[in-house]
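Hello,

Here is the structure I promised to pass on. Please have a look, and then read on for my notes.

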Amino acid sequence: MKNKDFPTVEGHWLYGCNGIAMNNPISLFLDEPRQHGDYFRANMKYQYIYITSNADIFKYILQTNQKNYKKDIAYQQLRLALGNGLLTSEGAFWKKQRKLSQPAFYKTQLEILYREMVNLTKQFLEELEHYKKEKKRVDMSQLMMGVTADIAMKTLFSSEMKSSKKEVYESMNGVQDYVMKRLRQPFRIPLMYVNGEYRNFKNRKKVFDDNIYSMIEDRRQSGEVHPDLLSMLMNSVDAETGERMSDEQLRDEVITIFAAGHETSANALSWTFYLLSQHPEVVKKLRTEVAEVLGDRTPGFNELRNLKYTKQVLDESMRLYPPAWAIGRECLADDVLLGHPIKKGTATVMSVLGLHRNPKYWKDPEAFDPERFTAERVKERPKFHYLPFGAGPRMCIGNHFAMMEMQLLLSMIIRRFDFVLDESQEVVMDALVTLRPKFGVWGVVQ
């Protein structure tokens, strides 16, 4: 296929597709494929980027020929905030860090962390009880951000941070907002260094950095071992070299786990409660499973596997609203994708959101149907049709932690509470670092 014949979105005559990417990126990933197919390019004024929701390309880039692809410019911008952690690092350094970090997510370690997760979930249920009595509108997306952040902080660092929880949350949100502005409005980057935005970013980032480095120093001096991820990472040793992570490496991995981990779980749960508010029949089936499997008990670590329909609901929610909604790669050498030649340096954005709603792979793709994820249907479906945690060597290291957290929270909340959506609000997708509900998910807890 020649370039002139390739499906192309040219956009505005002066700005190309930059305005769309800045103001309504979702349209590039959901609307344009209806006209141009699941592999096309968008004119970003100074370059073309390729956008795909084709499973064969996902498999080729993430697995078959993954050595010819590196992370794209979006990850370079994220590195400003996250450093050189697992999400942003490359090559031999990434392999070393992955190897050092992996033991922290083994089943035996997750079981230790699960105990704290249960305690915080019980505390959160009492918070919901308060909102139920108050009968006032709440934003479920903010409530989910709060409880998953509490879980992330407690399981990452069982000792308290020196800054207040509110200050840490606000600093993290400010840092991410700055990074997204750089991604969506690169022409403004020079201005950011003179109008105070960059200085504000550095100050917000320093809040988190100072807390992490202080805790690392305290633990190194005391020699104390805590039942949390930070201690696990600090004590992880490379079997071949005997090396441990430096303070900077620890900081980068911790901030990556905190920022990427809690926000993705929070958004997945927020979208789940939004969907459940529209589907009482699914809520009924969820409650039946929880009653049959648990009764009035809190689920034990090994009982989560028995909450099969609960997991199906979460899987279907992440199909429709994948928190990690896009994956960007840049090719290191000329290549050919689906018969189309691409040059070295070409950026390809793989739309997980588009993949999960591609009618080639999903019947009635816009419908919410947890039955898609029964064991039988999952077994029949090709692996690369559903990628909520990525795929290939770079698959999310925290996927089991996230599912454990979400199954626990959903089963415990749905047993005691109803969430009634405020139908007057607009619930829409906002494609930031993760896929958020733009204006929240407001309603009443009953």
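To start with one spot in the chain: in which helix is the place of Lys132? Lys132 sits in helix α6, which covers residues 107-134. Please keep in mind throughout that this is a predicted model.

Lys132 counts as partly exposed, because its relative accessibility is 31% and the partly exposed class runs between 20% and 50%. Leaving aside neighbours within four places in sequence, Lys132 is in contact with Arg416, Phe417, Val445 and Gln446. Cys396, by comparison, is 264 residues from Lys132 in sequence, and the two C-alpha atoms lie 35 Å apart in space.

Now the overall picture. The secondary structure comes to 17 helices and 13 strands. Along its principal axes, the C-alpha trace spans about 65 × 55 × 45 Å. A compact globule of 446 residues would have a radius of gyration near 22 Å, and the protein has 22 Å, so the two agree. Buried residues make up 55% of the 446. Of the contacts with a separation of 6 or more, 75% are between residues 24 or more positions apart.

Next, two helix pairs. Two packed helices are described by the angle between their axes and the distance between the axes.

The first pair I would show you is α7 (residues 140-156) with α17 (residues 399-416). Their axes come within 12 Å and cross at roughly 130 degrees. That angle lies between 115 and 145, so α7 and α17 are oblique to each other. The crossing of α7 and α17 is right-handed. On the α7 side the contact is made by Met144, Val147, Thr148, Ile151 and Thr155, and on the α17 side by Phe401, Glu405, Leu409 and Ile413. Sorted by class, this contact of α7 with α17 has six nonpolar, two polar and one charged residues.

The other pair is α8 (residues 165-184) with α12 (residues 247-278). Here the helices pack at an angle of about 85 degrees, with their axes 12 Å apart. An angle of 65 to 115 degrees counts as roughly perpendicular, which is why α8 and α12 are described that way. Tyr169, Met172 and Gln176 of α8 meet Ile255, Phe258, Ala259 and Glu263 of α12. By class, the contact of α8 with α12 has five nonpolar, one polar and one charged residues.

Staying with helix α12, Thr256 is also found there. Is Thr256 buried or exposed? Thr256 has a relative accessible area of 7%, and so counts as buried, the cut-off being under 20%. Beyond its neighbours within four places in sequence, Thr256 is in contact with Leu82, Gly85, Leu87 and Gly261. The C-alpha atoms of Thr256 and Thr88 are separated by 8.9 Å, although these residues are 168 apart along the chain.

Val290 belongs to helix α13 (residues 280-294). Val290 is buried, with a relative accessible area of 1%. Not counting residues within four places in sequence, Val290 is in contact with Gly295, Leu307, Thr310, Ser411, Ile414 and Arg415. Leu410 is 120 residues from Val290 in sequence and 9.9 Å from it in space, C-alpha to C-alpha.

Some loop residues are worth a look too. Ser53 is found in the loop between β3 (48-52) and α3 (55-64). Ser53 is buried, at a relative accessible area of 4%. Setting aside residues up to four places away in sequence, Ser53 touches Asp38, Phe58, Ser351, Gly354, Leu355, Asn358 and Tyr361. Between Ser53 and Ser141, which are 88 residues apart along the chain, the C-alpha separation is 27 Å.

Last, backbone angles. Most residues other than glycine have a negative phi, and most peptide bonds are trans. Leu338, in the loop between β7 (335-337) and β8 (340-342), has a positive phi, near 50 degrees. Asp364 has a positive phi near 50 degrees as well, and is found in the loop between α15 (352-356) and α16 (375-380). Asp364 is exposed, with a relative accessible area of 53%.

Happy browsing, and all the best!

Notes
Residues numbered from 1 in each chain as written. Predicted model: local features only at pLDDT ≥ 70, side-chain atom pairs only at ≥ 80, totals over all residues. Heavy atoms only, no water. Helix = DSSP H or I, 4+ residues; strand = E, 2+ residues; numbered from the N terminus. Buried < 20%, exposed > 50% of the residue type's maximum accessible area, 1.4 Å probe, protein only. Contact = heavy atoms within 4.5 Å. Axes fitted to C-alpha atoms, helices over the stretch in contact; angles between N-to-C directions. Parallel < 35°, antiparallel > 145°, perpendicular 65-115°, else oblique. Left-handed = near helix turned anticlockwise from the far one by under 90°. Nonpolar A, V, L, I, M, F, W, Y, C, P; charged D, E, K, R; others polar. Rg over C-alpha atoms; globule rule 2.2 N^0.38 Å.
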